[in-house]
Amino acid sequence: MINFELNQSRLKGGQRVKEADVGRALKAVSAALRLRRDTEISIAFVSEREMRALNRQWRGSDKVTDVLSFGRLERAETGEVLICYEQAARQAKEMKHSARDEVLFLLVHGVLHLFGYDHERPSDAKKMFPLQARILTKLGINPRLTPEALSA
């Protein structure tokens, strides 16, 4: 089971995601991964400025990204997922769905990274994206192909 701490302090009322929705998403990830031990994750929303700085520092990419994950839950019991709401809202508009669905999409994506899933190489993407799609479909969220998936 994945337990979580959610920090939405920088978001305004309508931007906030319901804790019950986060719990459902994490329960779906837990079931898909057949987790047998408890893990803890911290989920926080950061500004575009913070996300760009973190992306530059940790990935060498000087641009705003939508989600970053820190920690490897196959090796430890805790991890962290950071989401940039402003970037998520832009992507939601492009994809013609709600910001809530985009945030949950990014949460699932980020948590899969915590469990060692990746999409840098085509062979890794072929493992991660179908699993991600199954989880999102179960949640009623469009499991659209990301640009990374299309190039894999």
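**View A. D124 in helix 5 of the predicted model is a buried residue.** D124 is found in helix 5. Its relative accessibility is 18%, so it counts as buried; the cut-off for that class is under 20%. Leaving out residues up to four places away in sequence, D124 touches D118 and H119.

**View B. Helix 5 runs from residue 122 to residue 138.** This helix has 17 residues. From first C-alpha to last, helix 5 reaches 24 Å, close to the 24 Å expected at 1.5 Å a residue. Its buried residues are D124, A125, M128, F129, L131, Q132, I135 and L136. P130 also has its place in helix 5. With 36% relative accessibility, P130 counts as partly exposed. The C-alpha atoms of P130 and P143 are separated by 9.0 Å, and the two residues are 13 apart along the chain. Just after helix 5 comes G140, with a positive phi of about 80°.

**View C. W58 and F70 form an aromatic pair.** The count for the model is 1 aromatic pair. The ring centres of W58 and F70 are 5.8 Å apart and the planes stand at 70°, so the pair is edge-to-face; planes over 60 degrees apart fall in that class. W58 lies in helix 2 (residues 48-59) and F70 lies in strand 3 (residues 67-70). The pair therefore ties together parts that are 12 residues apart in sequence. W58 itself is exposed, with a relative accessible area of 54%.

**View D. Strand 1 and strand 2 pair in the parallel sense.** Strand 1 covers residues 2-7 and strand 2 covers residues 39-46. The pairing extends over 6 bridges. Here F4 stands opposite I41 in strand 2. Together with helix 1 (residues 19-33), the two strands make a β-α-β unit. That unit is left-handed.

**View E. Helix 1 packs its buried residues against strands and helices.** Helix 1 has 15 residues, which should span 21 Å at 1.5 Å a residue. Its end C-alpha atoms are 21 Å apart, in agreement. The buried residues here are D21, V22, A25, L26, A28, V29, S30 and L33. Their packing partners are strand 1, strand 2, helix 4 and helix 5.

**View F. The largest nonpolar core has 36 residues.** Which members touch the most other members? They are I83, L107 and V111. Several elements supply at least two residues each: strand 1, helix 1, strand 2, strand 4 (78-84), helix 3 (85-95), helix 4 (99-114) and helix 5. Helix 4 gives the most, with 10 residues. Apart from this core lies another, of 7 residues. Among its members are A44, M51, L54 and L68.

**View G. L107 has contacts with V22, A25, L26, I43, V81 and I83.** These contacts leave aside neighbours within four places in sequence. Two of the partners named here, V22 and A25, are among the buried residues of helix 1. I83 appears again as one of the core residues that touch the most other members.

**View H. Helix 4 is largely enclosed by the rest of the structure.** Of its 16 residues, 15 are buried, which is why the helix counts as largely enclosed. At 1.5 Å a residue, helix 4 should span 22 Å. The end C-alpha atoms of helix 4 are 22 Å apart, which agrees. Just after helix 4, G116 takes a positive phi of about 95°.

**View I. R34 and K96 have positive phi values.** Most residues other than glycine have a negative phi. R34 is a residue other than glycine, yet its phi is near 55°. R34 comes just after helix 1, in the loop between helix 1 and strand 2. R34 is exposed, with a relative accessible area of 68%. K96 also is not glycine, and its phi is near 60°. K96 has its place in the loop between helix 3 and helix 4. At 74% relative accessibility, K96 counts as exposed.

Note on methods. Residues numbered from 1 in each chain as written. Predicted model: local features only at pLDDT ≥ 70, side-chain atom pairs only at ≥ 80, totals over all residues. Heavy atoms only, no water. Helix = DSSP H or I, 4+ residues; strand = E, 2+ residues; numbered from the N terminus. Expected span 1.5 Å × (residues − 1). Buried < 20%, exposed > 50% of the residue type's maximum accessible area, 1.4 Å probe, protein only. Contact = heavy atoms within 4.5 Å. Phe/Tyr/Trp six-rings, centres within 6.5 Å; stacked < 30°, edge-to-face > 60°. Pairing = 2+ DSSP bridges. Right-handed = clockwise from strand over helix to strand, strands pointing away. Core = buried A, V, L, I, M, F, W, Y, C linked by side-chain atoms within 4.5 Å.
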